[in-house]
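Visitor: I have not looked at this one before. Can you walk me through it?
Guide: Yes, here it is.

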Amino acid sequence: MKKAANGLFVGVFLLMSFLIVCTSGAQEVKMTALNPRGNPPAIPLVPMAPRLDTLDGKTIYFVDVRFPGGKSFLLEMMDWFAKNMPMVKTVFREKAGPYMDADPKLWAEIKRNGDAMIMAIGH
Amino acid sequence: MFLDLVKTTAYKKGMPNQRFTFVPHPVWGKSASVHRQYVEGNDPISGKPVMREVIDALTKPLTQEEKKTGFLERKEPRLVGPDTADNLQQLFLENGWTDGLPIVLPTEKKVAEMLKGTSRRPDELVGKMRPSPPHEAWEYTVEKVAINAVMAGAKPEYFPVILAIASTGATSLFSSTTSFARMVVVNGPIRDQIGMNSGMGAMGPFNHANATIGRAWTLLSKNLSGGGILGETYLGSQGNNLSYNNVCLAENEMTNPWKPFHVQKGFRPEQSVVSLFTGWGIIHSFGSAKKEFHKQMAGLMGSFCPYSSGTSVSGALVLPDPLVAKDLKEAQGFDTKEKLSEWIYKNTLISVEDYWNSGLVDTFTLPQAQLGVEPFASWLKLPKDALIPRFLSPKEINIVVVGGETNAFWQAGDFRYIGSALVDAWK
């Protein structure tokens with residue numbers, strides 16, 4: 001009787017061990033998946049334009065892309081320069097076209113006549 | 001709010017060290033005195049005086065980093081893992097590669113199965129896509145589209161349809177604070193070949209092909225263009241629920257009394273085509289007691305966004321049940337879709353005052369009018385109560401018949417046609 005009980009105990013122990021091993025093995029199954037992302041292009045770096053040693057006597061263009069409120073904001077900034085840094089010449093311009101488009105004529109004018117540009121961008 | 005957007009946009013334009021300063025949000029709608037306070041106040045991000053930052057930005061000498069030239073490479077690994085299925089699901093979710101719902105993990109085996117749905121090579125270039133015009137465009141291959149198609153739960157036989165959509169380069173998640181939505185309509189024999197629904201419940205969650213093809217477009221728009229990143233490449237203030245599936249449907253060509261949409265656009269009836277649309281929302285008609293559906297259409301569509309140049313938005317996509325379409329043809333005399341479009345165009349006018357009061361018109365069309373571009377320049381001179389067309393032309397009003405004839409209803413969306421692509425080319 002004692003031998004039968006021992007045998008039953010060993011059998012149950014082995015069965016439990018087997019089940020634990022199987023369950024642990026199933027939880028450890030690992031897989032790889034393919035990356036769903038596309039290929040971002042390499043980015044050509046654009047070095048920043050040289051800075052001015054001083055703003056006195058310089059011409060700063062204030063460019064409005066016509067985002068609502070942008071013009072009013074830029075005019076207030078120009079007014080600040082007039083009151084606080086009167087040696088700075090300020091010029092206001094509206095960029096042509098939708099606000100994400102370039103304006104080559106304006107860029108050419110700024111390169112010709114300006115020393116710096118401040119653009120107000122909204123979204 | 002826009003710090004991440006500004007930094008990543010500048011980075012992607014090759015200017016990771018671009019100097020900028022912020023003012024409080026919003027600028028739009030504020031008075032000059034508030035703008036003055038913004039100028040005289042502090043940058044809400046850095047806490048520093050705005051004008052100090054402006055002057056420093058223009059005068060402080062450049063650092064070595066700011067002078068750098070060359071290229072920034074951004075290679076993506078081909079494989080993800082190995083890890084358990086649960087962990088990979090979580091990874092995909094946390095990386096923003098899903099629509100928030102569980103996906104079918106794109107194992108190499110599943111992607112290989114999907115690739116059997118096309119004769120094209122896995123490394124063949126399908127197209128380029130960007131989240132919106134200021135953003136960079138990413139390239140993607142047939143394999144990359146297949147990965148996203150697997151994720152959506154699509155079957156290989158749907159793959160040519162998904163490839164056709166991807167080949168247009170049109171994103172389903174266009175980045176705009178207005179929260180755009182997209183629609184995709186399928187025409188031709190492919191509809192029946194892959195078991196798409198064009199009848200009862202076609203616009204609802206009742207069909208595997210409709211559901212997964214539409215979902216695939218959203219997933220590939222997120223992943224193949226770097227799109228759908230909140231605050232960076234997606235700025236929809238509220239988002240749009242239609243973006244989960246893009247209202248993917250098949251036109252009911254069997255009971256449609258008119259020409260199928262793709263035939264109107266110059267394709268042959270036996271060709272299979274996907275057609276894409278962009279807009280914001282859909283309205284429902286609740287039927288017409290007098291059965292004057294065209295008048296009801298003009299009335300309800302009279303609230304749709306008026307045409308705005310520059311962005312070229314504004315259009316209408318009418319979705320009549322076949323019962324409505326047949327009545328319009330047989331009882332009301334609209335024997336072609338074009339005649340109905342013409343009638344709606346003439347009967348959805350808008351006052352000049354309301355036209356110029358539209359936000360998009362004010363931003364994009366007013367500058368054109370001021371430059372003398374017609375007809376906008378002439379519209380500026382009209383009295384406020386004069387009436388002008390809401391839509392650019394009858395061609396901006398499209399009609400797709402869909403439904404199962406359980407009742408005479410129609411729906412319509414403020415959706416403009418983007419373009420079509422041939423499915424057959426991707427088989």
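Visitor: Start with chain A. How many helices and strands does chain A have?
Guide: This is a predicted model. In it, chain A has 3 helices and 5 strands. Along the sequence they come in the pattern α-β-β-β-α-β-α-β.

Visitor: What share of chain A counts as buried?
Guide: Of its 123 residues, 15% count as buried.

Visitor: And the contacts inside chain A, what share join residues at least 24 apart?
Guide: 71%, taken among contacts between residues at least 6 apart in sequence.

Visitor: Now the contact between the chains. How many residues does each chain put in?
Guide: Chain B puts in 71 residues and chain A puts in 41 residues.

Visitor: On the side of chain B, where does the largest share come from?
Guide: From helix α2(B), residues 32–40, which supplies 6 residues. By class, the side of chain B that touches chain A has 36 nonpolar, 17 polar and 18 charged residues.

Visitor: Which strands are joined by bridges from chain A to chain B?
Guide: Strand β1 of chain A (residues 31–34) and strand β2 of chain B (residues 79–83) are joined by 3 bridges and run antiparallel. Within that pairing, Met31(A) stands opposite Asp83(B).

Visitor: Switching to chain B itself. What is the order of the strands in the open sheet?
Guide: The order is β6-β5-β7-β14, 4 strands of chain B with mixed pairing. The edge strands are β6 (249–250) and β14 (416–422), each pairing on one side only.

Visitor: How many bridges join β7 to β14 there?
Guide: There are 6 bridges between β7(B), residues 273–279, and β14(B), and the two strands run antiparallel. One of the residues involved is Thr278(B), whose bridge partner in β14(B) is Arg416(B).

Visitor: Which helix packs on that sheet?
Guide: Helix α8 of chain B, residues 159–167, which touches β5 (181–187), β7 and β14 of chain B. The direction of α8(B) makes about 125° with that of β14(B).

Visitor: What about helices α12 and α14 of chain B, at what angle do they pack?
Guide: At about 45°, with the axes of α12(B) (residues 293–301) and α14(B) (residues 337–346) 9 Å apart. That angle makes α12(B) oblique to α14(B). Their crossing is right-handed.

Visitor: Which residues make the contact?
Guide: From α12(B), His294(B), Met297(B), Ala298(B) and Met301(B); from α14(B), Leu340(B), Trp343(B) and Ile344(B). By class that is 6 nonpolar, 1 polar and no charged residues.

Notes. Residues numbered from 1 in each chain as written. Chains lettered and ligands numbered in written order. Predicted model: local features only at pLDDT ≥ 70, side-chain atom pairs only at ≥ 80, totals over all residues. Contact = placed C-beta atoms within 7 Å. Nonpolar A, V, L, I, M, F, W, Y, C, P; charged D, E, K, R; others polar. Pairing = 2+ DSSP bridges. Axes fitted to C-alpha atoms, helices over the stretch in contact; angles between N-to-C directions. Parallel < 35°, antiparallel > 145°, perpendicular 65-115°, else oblique. Left-handed = near helix turned anticlockwise from the far one by under 90°. Buried ≥ 20, exposed ≤ 12 C-beta atoms within 10 Å, placed from the backbone.
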